[in-house]
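Here is my note on the chain you sent me. I have set it out as numbered points, to be read with the structure open.

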Amino acid sequence: MDKLLDTKQLADYLGIAVSTILQYRADGTGPQYIKLGHLVRYRISDVEAWLEAKVARK
C-alpha cells in the first residue's frame with residue numbers, strides 16, 4: 001500500500017507552495033487525491049503518475 005501524503009507533505013515533497021497544491025486541486029489539474037471525510041490525502045503512486053505525465057517531450 002502506498003504511503004499517503006497530506007497537502008503540506010505533498011507541497012514539501014514537490015518543493016512548491018501549499019497554495020499551489022490547493023489551486024491545482026480546485027482547477028482539477030493536480031494529482032488524483034482521496035477524500036476521507038474532510039481530509040484530503042495523496043497516494044505517492046498517483047503523484048508519481050501525475051509527474052510522469054508532466055515530463056516534457058520533444
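1. In which element is the place of Arg43? Arg43 belongs to strand 3. Keep in mind from the start that this is a predicted model. With a relative accessibility of 33%, Arg43 is classed as partly exposed, since the partly exposed class runs from 20% to 50%. Setting aside residues up to four places away in sequence, Arg43 touches Asp2, Lys3, Leu4, Gln32 and Ile34. Between Arg43 and Gln9 there are 11 Å from C-alpha to C-alpha, and the two are 34 residues apart in sequence.

2. The overall layout should come next. Three helices and three strands make up the elements of the chain. Read from the N terminus, their order is β-α-α-β-β-α. Strand 3 covers residues 39–43, and helix 3 covers residues 44–53.

3. How does the radius of gyration of the chain agree with that of a compact globule? For 58 residues, a compact globule would have a radius near 10 Å, and the chain has 11 Å, which agrees. Along the principal axes, the C-alpha atoms fill a box of roughly 40 × 25 × 20 Å. Of contacts between residues at least 6 apart in sequence, 46% join residues at least 24 apart.

4. On the surface and the charges, the account can be short. About 4200 Å² of the chain is exposed, and 54% of that comes from carbon and sulfur atoms. Of the 58 residues, 19% count as buried. There are 9 positive and 7 negative side chains, and the centres of the two sets lie 2 Å apart.

5. Which residues of helix 1 are buried? They are Thr7, Leu10 and Ala11. Seen down the axis of helix 1, these buried residues fall within an arc of 100 degrees, so they line one face of the helix. A general point helps here: an α-helix has 3.6 residues a turn, so residues three or four places apart point the same way. The buried residues of helix 1 pack against strand 1 (4–5), helix 2, strand 3 and helix 3.

6. Leu14 is also part of helix 1. Its relative accessibility is 22%, so Leu14 counts as partly exposed; the cut-off for buried is under 20%. Apart from neighbours within four places in sequence, Leu14 is in contact with Ile21, Val47, Trp50 and Leu51. From Leu14 to Arg43 the C-alpha distance is 13 Å, with their positions 29 residues apart in sequence.

7. Helix 3 can be read in a similar manner. Its buried residues are Asp46, Val47 and Trp50. Down the axis of helix 3, the buried residues fall within an arc of 100 degrees, so they line one face of the helix. Their cover includes helix 1 (7–14), helix 2 (18–27) and strand 3 (39–43).

8. Is Asp46 buried or exposed? Asp46 has a relative accessible area of 14% and is therefore buried, because buried means under 20%. Residues up to four places away in sequence aside, Asp46 touches Pro31 and Gln32. Gln32 is also among the residues that Arg43 touches.

9. Pro31 deserves a point of its own. Pro31 lies in the loop between helix 2 and strand 2 (34–36). With a relative accessible area of 7%, Pro31 is buried. Beyond its neighbours within four places in sequence, Pro31 is in contact with Leu10, Tyr42, Asp46, Val47 and Trp50. Of these partners, Leu10 is one of the buried residues of helix 1, while Asp46, Val47 and Trp50 are buried in helix 3. Pro31 and Lys58, 27 residues apart along the chain, have C-alpha atoms separated by 23 Å.

10. Where is Asp2 found? Asp2 sits in the segment before strand 1. Asp2 has a relative accessible area of 29% and is partly exposed. Neighbours within four places in sequence aside, Asp2 is in contact with Arg43, Ile44 and Ser45, which leads back to the residue of the opening point. The C-alpha atoms of Asp2 and Gly28 are separated by 22 Å, and the two residues are 26 apart along the chain.

Conventions
Residues are numbered from 1 along each chain as its sequence is written. This is a predicted model: local features need pLDDT of at least 70, side-chain atom pairs count only at pLDDT 80 or more; totals for chains, interfaces and linings use all residues. Side-chain values use heavy atoms; hydrogens and water are left out. Helices (H or I, at least four residues) and strands (E, at least two) are DSSP runs, numbered from the N terminus. The radius of gyration is taken over C-alpha atoms; the globule rule is 2.2 Å times the number of residues to the power 0.38. Buried means under 20% relative accessible area, exposed over 50%, partly exposed in between (1.4 Å probe, protein chains only). Contact means heavy atoms within 4.5 Å. Accessible areas come from the Shrake-Rupley method with a 1.4 Å probe; for residues, only the protein chains shown count as cover. Lys and Arg count as positive and Asp and Glu as negative; His and the chain ends are not counted. The place of a charge is taken as NZ of Lys, CZ of Arg, CG of Asp or CD of Glu. The arc is that of the directions from the helix axis to the C-beta atoms.
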